Amino acid sequence: MPPFLAEFLQTLAGSAPAAFFRNSTFAYASLNACHIFSIGLVVGSIATLDLRLLGLFYRFPVSALAPPLTRVAAAGLYFVIVTGFLLFCVRPLAYAVNAAFLAKITLVTLGVINALALRSSRGWALALEDELVPDSVRAAALRSLLIWAGAVFAGRWIGFLQ
Ligand code: HEM
């Protein structure tokens, strides 16, 4: 690990929030529970929209489902990043070399890129306007389901690789 990164992570580990969550089982467990709740908001809303794009719930228009589900996913992502970063600060040097943690952060980044690329695509506009879901959008929805499921598995695996 580059010395500047080790130094930065050491500073994070020495921070007041890190010490607070490290020294209070109740606070750490509550933070972890908030992380899991936020994950539920992100994965629950994204998976529902992906399944609609893949053909399930076809009686419900994409144009009606997408706005609220996207907003819940965005709010969930905000809270999952805040709670995740605070969890990370408790033992940053250990997590930075944890293969499951690194895999999860990579998958979360891919999940966000996939979602942003989908939303800026012509196919997405078609799905919203005409309720016709092109194959490119279905492929993005399938990728999304696999990526976020992978992020959950990798996240749970962190604790087993320590
Ligand atoms: C949507 C994105 C994310 C998903 C799906 C996710 C998923 C998970 C899961 C399933 C766990 C295990 C919870 C448990 O059973 O106790 C976990 C723990 C954790 N996550 Fe996340 N996470 C996400 C984002 C983040 C981010 C952005 C960070 C850091 C910046 C992060 C840091 C952590 C840490 C440090 C733990 C504790 C690991 C342990 O010691 O067991 N997570 N995450």
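Which backbone nitrogen does the side chain of Ser-45 reach? In this predicted model, the side chain of Ser-45 comes to 3.4 Å from the backbone nitrogen of Ala-73, and a good way to understand that pairing is to look at where the serine sits. Ser-45 belongs to helix H3, which covers residues 25–53. Its relative accessibility is 6%, and because buried means under 20%, Ser-45 counts as buried. When its neighbours within four places in sequence are set aside, Ser-45 is in contact with Gly-40, Leu-69, Val-72 and Ala-73, so that Ala-73 appears both in this list and as the partner whose backbone nitrogen the serine side chain reaches.

From here we can turn to the ligand. The space that the ligand takes up is the largest pocket, and the elements that each give two or more residues to the shell around the ligand are H3, helix H4 (62–90), helix H6 (99–119) and helix H8 (135–158). Helix H3, the element that holds Ser-45, is therefore also one of the contributors to this shell.

The shell can also be described by its residues. There are 22 residues around the ligand, and those that come nearest are Asn-32, His-35, Ile-39, Tyr-95 and Lys-104. Sorted by class, the shell has 14 nonpolar, 6 polar and 2 charged residues.

Some of these surroundings can be followed down to single atoms. An N or O atom in the side chain of His-35 is 3.0 Å from a nitrogen atom of the ligand, while for Lys-104 the corresponding distance to a ligand nitrogen is 2.5 Å. On the oxygen side, a polar side-chain atom of Arg-156 lies 3.2 Å from an oxygen atom of the ligand.

Notes
Residues are numbered from 1 along each chain as its sequence is written. This is a predicted model: local features need pLDDT of at least 70, side-chain atom pairs count only at pLDDT 80 or more; totals for chains, interfaces and linings use all residues. Side-chain values use heavy atoms; hydrogens and water are left out. Helices (H or I, at least four residues) and strands (E, at least two) are DSSP runs, numbered from the N terminus. Buried means under 20% relative accessible area, exposed over 50%, partly exposed in between (1.4 Å probe, protein chains only). A polar contact is a pair of N or O atoms within 3.5 Å; within protein, one must be able to donate a hydrogen and the other to accept it, and residues adjacent in sequence count only if both atoms are side-chain atoms. Contact means heavy atoms within 4.5 Å. A residue is near a molecule or strand if one of its heavy atoms lies within 4 Å of it. On a 1 Å grid over the protein atoms alone, a cavity is a set of points where a 1.4 Å probe fits but cannot get out, and a pocket is an open set with protein on both sides within 12 Å along at least five of seven lines; lining residues have an atom within 4 Å of a point. A molecule sits in a cavity or pocket if more than half of its atoms lie within 2 Å of its grid points. Ala, Val, Leu, Ile, Met, Phe, Trp, Tyr, Cys and Pro count as nonpolar, Asp, Glu, Lys and Arg as charged, and the others, Gly among them, as polar.
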